[in-house]
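These are notes on the charged side-chain pairs, set out as numbered points. Please read them alongside the sequence and the model.

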Amino acid sequence: MKFKSVFDIIGPVMIGPSSSHTAGAARIGRVARDLFGRQPEWAKIHLYGSFAETYKGHSTDVAIVGGLLDYDTDDERIKTSFEEAKEAGMNFEFIPETGHTDHPNTARIVIGDSRSEMSMVGISIGGGKIEITELNGFPLRLSGNHPAILVVHDDRSGCIANVSNCLYKYDINIGHMEVSRRQKGEMALMVIEVDQTVDLFIMDELRQLPNITQVTRIAD
């Protein structure tokens with residue numbers, strides 16, 4: 001087996017006890033917040049498999065809440081995230097599930113506020129690494145290890161080319177890209193992992209492209 005860095009072997013700098021159940025859980029929560037774009041007012045956190053069985057003992061619960069508060073894996077405030085969430089006005093509920101999932105460390109996070117809500121499925125694959133496998137019903141594969149942008153758009157000819165050309169214009173290299181849609185001609189989603197963070201002015205330019213309805217940035 002090949003490792004890219006020593007952190008692939010010893011895991012990330014983190015609040016323990018477990019890289020998969022704590023650090024990975026915190027990253028899942030934080031990516032959910034990034035995708036939502038702001039502090040949610042409420043969260044319903046569905047846990048599956050090993051997460052559902054051991055979430056209290058392995059601090060999966062406080063880690064996910066800490067991630068939703070935008071705490072990184074090594075932030076000491078994760079330990080008191082329940083109290084911090086209450087002070088921030090965020091209500092949360094954990095729902096252990098018995099249904100089968102493809103991965104034992106799976107969480108479905110449903111968050112929202114008075115403006116909108118969002119559903120996301122994340123899995124912790126070990127060593128603090130995660131994958132996001134679903135967003136608002138769209139299947140996807142997002143590692144969270146690289147900067148990424150998510151583009152919600154109408155399923156129309158030229159959308160993918162327009163977004164790609166805009167990134168090319170600013171020398172943004174695409175490392176991985178997936179496109180999915182619910183039905184032909186309806187809402188679609190581009191998931192684009194890139195080699196560098198996309199500046200805000202580029203995000204604004206992407207939002208102005210024809211048939212684009214939402215653009216979200218995720219930092220690494």
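1. Helices here are DSSP runs of H or I with at least four residues, numbered from the N terminus. By that numbering, Asp204 and Arg207 both belong to helix 7 (residues 200–207). They sit three residues apart, about one turn of the helix.

2. The model is predicted. Its salt bridges number 10. Opposite charges on side chains can pair when the charged atoms come close.

3. The helix 7 pair is one of these contacts: Asp204 forms a salt bridge with Arg207, with 2.9 Å between the closest N and O atoms. Asp204 is partly exposed at 42% relative accessibility, and Arg207 is partly exposed at 37%.

4. Arg30, Asp70 and Asp72 form one network through salt bridges that share partners.

5. Within that network, the side chains of Asp72 and Arg30 meet at 3.5 Å, N to O. This pair links distant parts of the chain, 42 residues apart: Arg30 is in helix 2 (residues 19–36), while Asp72 is in the loop between helix 4 (60–68) and helix 5 (81–88). Asp72 has a relative accessible area of 36% and counts as partly exposed; Arg30, at 27%, is also partly exposed.

6. Arg108 and Glu134 form a salt bridge at 3.0 Å, N to O. Arg108 is in strand 3 (residues 105–112) and Glu134 in strand 5 (residues 129–135), so the pair ties together parts 26 residues apart in sequence.

7. Is Glu134 buried or partly exposed? Buried means under 20% relative accessible area, and Glu134 has 21%, so Glu134 counts as partly exposed. Its partner Arg108 is partly exposed at 25%.

Terms used
Residues numbered from 1 in each chain as written. Predicted model: local features only at pLDDT ≥ 70, side-chain atom pairs only at ≥ 80, totals over all residues. Heavy atoms only, no water. Salt bridge = Lys/Arg side-chain N within 4 Å of Asp/Glu carboxyl O. Helix = DSSP H or I, 4+ residues; strand = E, 2+ residues; numbered from the N terminus. Buried < 20%, exposed > 50% of the residue type's maximum accessible area, 1.4 Å probe, protein only.
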